[in-house]
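The following exercises are to be worked with the coordinates at hand. Each task is followed by a solution in steps.

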There are 4 protein chains.
Amino acid sequence: MAGSTFGNIFKIMTWGESHGKGVGVVIDGCPAGLPLSETDIQQYLNRRKPGQSKFATPRKEDDAVEILSGVFEGKTTGTPISLIVFNKNQQSKDYSEIASYYRPGHADYTFDAKYGFRDYRGGGRSSGRETIGRVAAGAVAAKILKTLGISILTYTRSIGPVSIDMEHFCADEILNNALFMPDKKAAQEASAYLEACMKEQNSSGGTIECVITGMPAGIGDTVFDKLDANLAKAILSIGAVKGFEIGDGFAVAAATGLTNNDAFCLDESGKIAKKTNHAGGILGGMSDGSPIVFRAAIKPTPSIASTQQTVNKSGEEIAINIKGRHDPIIVPRAVVVVEAMTALVITDLLLSNMGARMDYLEKIYKK
Amino acid sequence: MAGSTFGNIFKIMTWGESHGKGVGVVIDGCPAGLPLSETDIQQYLNRRKPGQSKFATPRKEDDAVEILSGVFEGKTTGTPISLIVFNKNQQSKDYSEIASYYRPGHADYTFDAKYGFRDYRGGGRSSGRETIGRVAAGAVAAKILKTLGISILTYTRSIGPVSIDMEHFCADEILNNALFMPDKKAAQEASAYLEACMKEQNSSGGTIECVITGMPAGIGDTVFDKLDANLAKAILSIGAVKGFEIGDGFAVAAATGLTNNDAFCLDESGKIAKKTNHAGGILGGMSDGSPIVFRAAIKPTPSIASTQQTVNKSGEEIAINIKGRHDPIIVPRAVVVVEAMTALVITDLLLSNMGARMDYLEKIYKK
Amino acid sequence: MAGSTFGNIFKIMTWGESHGKGVGVVIDGCPAGLPLSETDIQQYLNRRKPGQSKFATPRKEDDAVEILSGVFEGKTTGTPISLIVFNKNQQSKDYSEIASYYRPGHADYTFDAKYGFRDYRGGGRSSGRETIGRVAAGAVAAKILKTLGISILTYTRSIGPVSIDMEHFCADEILNNALFMPDKKAAQEASAYLEACMKEQNSSGGTIECVITGMPAGIGDTVFDKLDANLAKAILSIGAVKGFEIGDGFAVAAATGLTNNDAFCLDESGKIAKKTNHAGGILGGMSDGSPIVFRAAIKPTPSIASTQQTVNKSGEEIAINIKGRHDPIIVPRAVVVVEAMTALVITDLLLSNMGARMDYLEKIYKK
Amino acid sequence: MAGSTFGNIFKIMTWGESHGKGVGVVIDGCPAGLPLSETDIQQYLNRRKPGQSKFATPRKEDDAVEILSGVFEGKTTGTPISLIVFNKNQQSKDYSEIASYYRPGHADYTFDAKYGFRDYRGGGRSSGRETIGRVAAGAVAAKILKTLGISILTYTRSIGPVSIDMEHFCADEILNNALFMPDKKAAQEASAYLEACMKEQNSSGGTIECVITGMPAGIGDTVFDKLDANLAKAILSIGAVKGFEIGDGFAVAAATGLTNNDAFCLDESGKIAKKTNHAGGILGGMSDGSPIVFRAAIKPTPSIASTQQTVNKSGEEIAINIKGRHDPIIVPRAVVVVEAMTALVITDLLLSNMGARMDYLEKIYKK
């Protein structure tokens, strides 16, 4: 399978290694007529940029995106949009050590098992830089959604033992702290927790939450291509994600039908709505018009300075200390990646839903 | 999108409504030369058959599968395998009530929103009978895996507040109790809990766990088609699943790098192995040779006899009592569906991995 | 690759062997709300039915189609439509001879080469009966097109040396003669030619022409998914087709720009049109609003009674006489297959084109 | 549909406009371990380079390819290979005239019809430069084929009324003349014919022939994904191609079973072969081990200096003279494009065929 391709109609192909010439993405299937500039995309990329806080690697990468095709006089033309970010910061350094062993928690060993060898420089294709293509394409998808009145809000829900307090939820706070938490107090506590982790040459996991509003009802398919199933794949495809849940998620396991069912009601405008949203905005694989709410669990950064046990390519058990400075937490930089993948899924499903009904075809084609 | 199609190389298309003429599946892309009989498939279907315990609907459905094509002289020929199960138990009954309102927790409303109307008889395409096609196809995939030494063990991990005790884990027990729990004592407690639920006209959620052993390392792709991402989609595509986690899953959010990283080591035969398996058998989207372990959260049966609030098609808020007898728990009958979807994912990824290396091509084609 | 799957949005999977239990097709992705009955489909199947003339095998096959799913109260529901035709005429006969050697012009040898063995009964999956699934699905697609004002006219253009005379073209004549020729005189001459072929235990080739009218301009894609490229694949995928040409086709090789270019003009209603149609209704891979015109070349029936040289499975050169009665010409029964494949291609491209422009999305989704 | 994506396992996405920043392709699904350099690709690109003869535009374009990803230490890594050719020769010129009307024989009108507007600079996405991505990717595919002993020979078969004489066929001559004809005398005559065309401000069509040798038998699928069907789509997807035929092609229409059937025999080594090759190396959609032979018909260059009638965007009928110098013939530069598309199809089918048999799976996976 061609593992770097995603989407059925709004289809993307990402490419690039951490220490190659660059990273990028081609979008094939973007509707024509969308106003699009490099600024639209850059503002998403900036949210995943390293070097922005003490919890992110100080490497200075510009990550400036360039649109190479598919946009003419400020609008998408319907032809493939090629987006590129050149790698600027690759000093030639000595990789012989990292090439010789398998880092715990990384894809080094599985890469060798699959392909027989690997580009070991900076993680190669499994580097966090791989997500630049996702975020760039997601920014384009998000602009389509915005045009249709659909918004995605994504934030850090917890870091280690520190969770946001929904009572103090403040969306405006998200971009105000380096951890992208919508709760100032929680952000401060999480910050202290992370500093302690760093002192111990350790790292922390966390969770990300995402809320989609403005969705029309009926988007998604009823069997394999359920909206939540496609979201789950998209989110689990992000490195370090180990769990996905929608609505009440794993809590449903201990719930009962009486507590978990969402009663239908009429809202003030007489439209069908739900009194509660345990379902997280999806029923039978299709959006029900309520906000779609899901969470992802992110593992701690596997690269830690502490001594670890592993095996080298000569088949010996050894102790290693991974050099260099690494983020003590993956979560904050993954927030925009979750948002981008979400935008890609929703856009693709909206496009595929256009053929769901004969009256839609007649609306477009009947003379 | 064609929402009833799954897989890239081992591709299936399922069809059928609860109260139509039958349900079935076509498999396109099954390798030639696999010994296959109706018995191979029937034994999987029997595991999801209703009427087997007091916790499952007493409707008697034979669910006898017929192979219509693709098998000749006891072996698959490489051409499409069409499998059918005729519906036998559909008495014509009065659906006018169920047609008139939207059941909470069901797809009634979203179906109408998507398609403008729906086949309301017994849930139509969103009925549990839809899974017959998945299980039948999964049985074929599982037979391929067995040939290659790969096994899948699936069981109920928890029902409501009752979880299995891993100390008392006993694989042989799984098929011995109606709840498919690998722990006799837990099964008894869960049974008592479910009886209490039924008395209260209520239902319960639970979790399913799945363990894949015998996997070669390096299966799965590194970016979008990660093995765990494909599993997540497959599992979330099963109705009622609200969460998916691999390895330590959501627990990684509170873990640290030191506790979560799995050290590599050499096993007694000198092969690379891991000292622990927090990762659940997957690193960077590819199998690492350890058992693959994941869990799914299943919501309580939404059809309960208790009075519920909802809205009818005339746009009025009403109170309803859903008639008929319904399973108080979805989990046990979903166990084999989880196993079937897992077999489909693994088989498809093994097939797609055959083109990963030039030396594989040379092994097949070079003269 | 799953070789029995066709289409991207309007996706079909066909199945079935000549002498198995039946043949059929599942359509995944048909829009909801299309009025559909078995009669709609049966009238297409009847056009490919054997036993209708002296040039077609007298085997009596009912080929009665049954809709198993996806239609409720006379309309498509948006869920998969499963169509089945049970095989009724398979007497158990002795296939040991045909199993032992490779018939010239047939897929016997290549089947063995690909899969290691084959279902040799009546051609198995390579039998003409395979096209039943195509025609049944094509009938559904054609009904969608009709709703949108698009028609497809398909007919025999030539048989052996006898071509229709475009001066005498009469569409009403097509269904009046057993050869589906739109020219009564040509049909009579072709009939005489075929009788001579039969006397000589020989068979004849021919050509089929297809004209699509009512197409909106701009359907098809600009690079790989050109409308003509998709038609070419669809038509060449029909057994016995050896060539495809659009508009002037192979004649363009000897043409010049001055003679081959179609000047644009305005029609009486002021709409953009073309003075000529050398292009056959497609420019740059997209429909230009003119009728789409293409032709297919069909080889002579390979099963002939005359003695032929071949090789048996024991690796010996032998002389064979293929028993049984075989059609002396494939063309007439392939006419409706060409029409069905055309309907499938056009429907799929119309559906995929719905996402081509932001204003189409806004028309469907913007509140 | 995402119209710039091609292939199922060896999947490519091309991008770029004639007068944008560049053109390129990403290959997702290339097996790991293939030795690959920019030279491997450049030598293919050089064969489509303009400015090489008096029959090709004198524009000087370097068309130097750069590998941006997916290759490490001289070998493919299994991750996406991004190839780019920057556009160097785009002087800003006045396009206001060409933007205002629809050139006959071009995609100007259909682009506007599909997308509402177009990038009119130099043909935009419908420019011949679009084929650079195809050729670059095809060069990689061809290298895989070469490793497996499969060769593709492509050449000009006819130009206007001048055809090669198969008696004088000389493969070595192909790269010796600017027209890529394997017959020196025919090349001289064609050259004279083209000079006459140019004097008359006219252009010529022609045909291309392609021969694939070294194919294993059994490649391709039996129903929709026939080898010839996939070739037909690939070749018709090249701009200006109006016809495709395999083996005897359109000549089969006038043939009989006795003349058209290829008798099987044993070759000197006792292997199954065919006495003739009317089928062109494919039976029932699968390769039969004989050389695969097909032809494509290419229309005359639509851009000619002679006065032509057309319509402008204001809806007026006008007479135009297309400025600039244009090739009087498309054929020679399309030869390598046909070869590249062929390599892409064959490589993809070889990869997909690896899952055709259980014994292949066992060869790769069974311990």
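**Exercise 1.** What area is buried between chain C and chain B, and what percentage of this area do carbon and sulfur atoms give?

*Solution.* The model is a predicted one, in which local features need pLDDT of at least 70 and side-chain atom pairs count only at pLDDT 80 or more, whereas totals for chains, interfaces and linings use all residues. Residues are numbered from 1 along each chain as its sequence is written, chains are lettered from A in the order in which they are written, and side-chain values use heavy atoms, with hydrogens and water left out.

Step 1. Take the accessible area (1.4 Å probe) that the two parts lose on being put together, summed over both. For chain C and chain B the result is about 3,400 Å², with 67% from carbon and sulfur atoms.

Step 2. Resolve the side of chain C by residue: C:Met13, C:Phe72 and C:Phe117 lose the most area to chain B, together 19% of what that side buries.

Step 3. List the residues in contact (heavy atoms within 4.5 Å). Chain C and chain B supply 45 residues each.

**Exercise 2.** Determine the polar interactions across this interface and the elements of chain C that take part in it.

*Solution.* Step 1. Search for salt bridges, that is, a side-chain nitrogen of Lys or Arg within 4 Å of a carboxyl oxygen of Asp or Glu. Two are found between chain C and chain B. In the pair B:Glu66 and C:Lys21, the closest N and O atoms are 3.2 Å apart.

Step 2. Assign helices (H or I, at least four residues) and strands (E, at least two) as DSSP runs, numbered from the N terminus. Among the elements of chain C that each supply at least two residues to the side touching chain B are strand S3 (22-28), strand S7 (81-86) and helix H3 (108-115). The largest share, six residues, comes from S2(C).

**Exercise 3.** Which symmetry relates chain C to chain B?

*Solution.* Step 1. Superpose the copies by least squares on the C-alpha atoms of residues with pLDDT of at least 70 in both. A rotation of 180 degrees with 0.0 Å of shift along its axis places chain C on chain B, at RMSD 0.0 Å. That is the relation of a two-fold axis.

Step 2. Compare the two sides: 100% of the interface residues of chain C are also interface residues in chain B, so the copies meet through the same surface.

Step 3. Repeat for chain D and chain C: the superposition is again a rotation of 180 degrees with 0.0 Å of shift (RMSD 0.0 Å). Of the contact residues of chain D, 99% recur in chain C.
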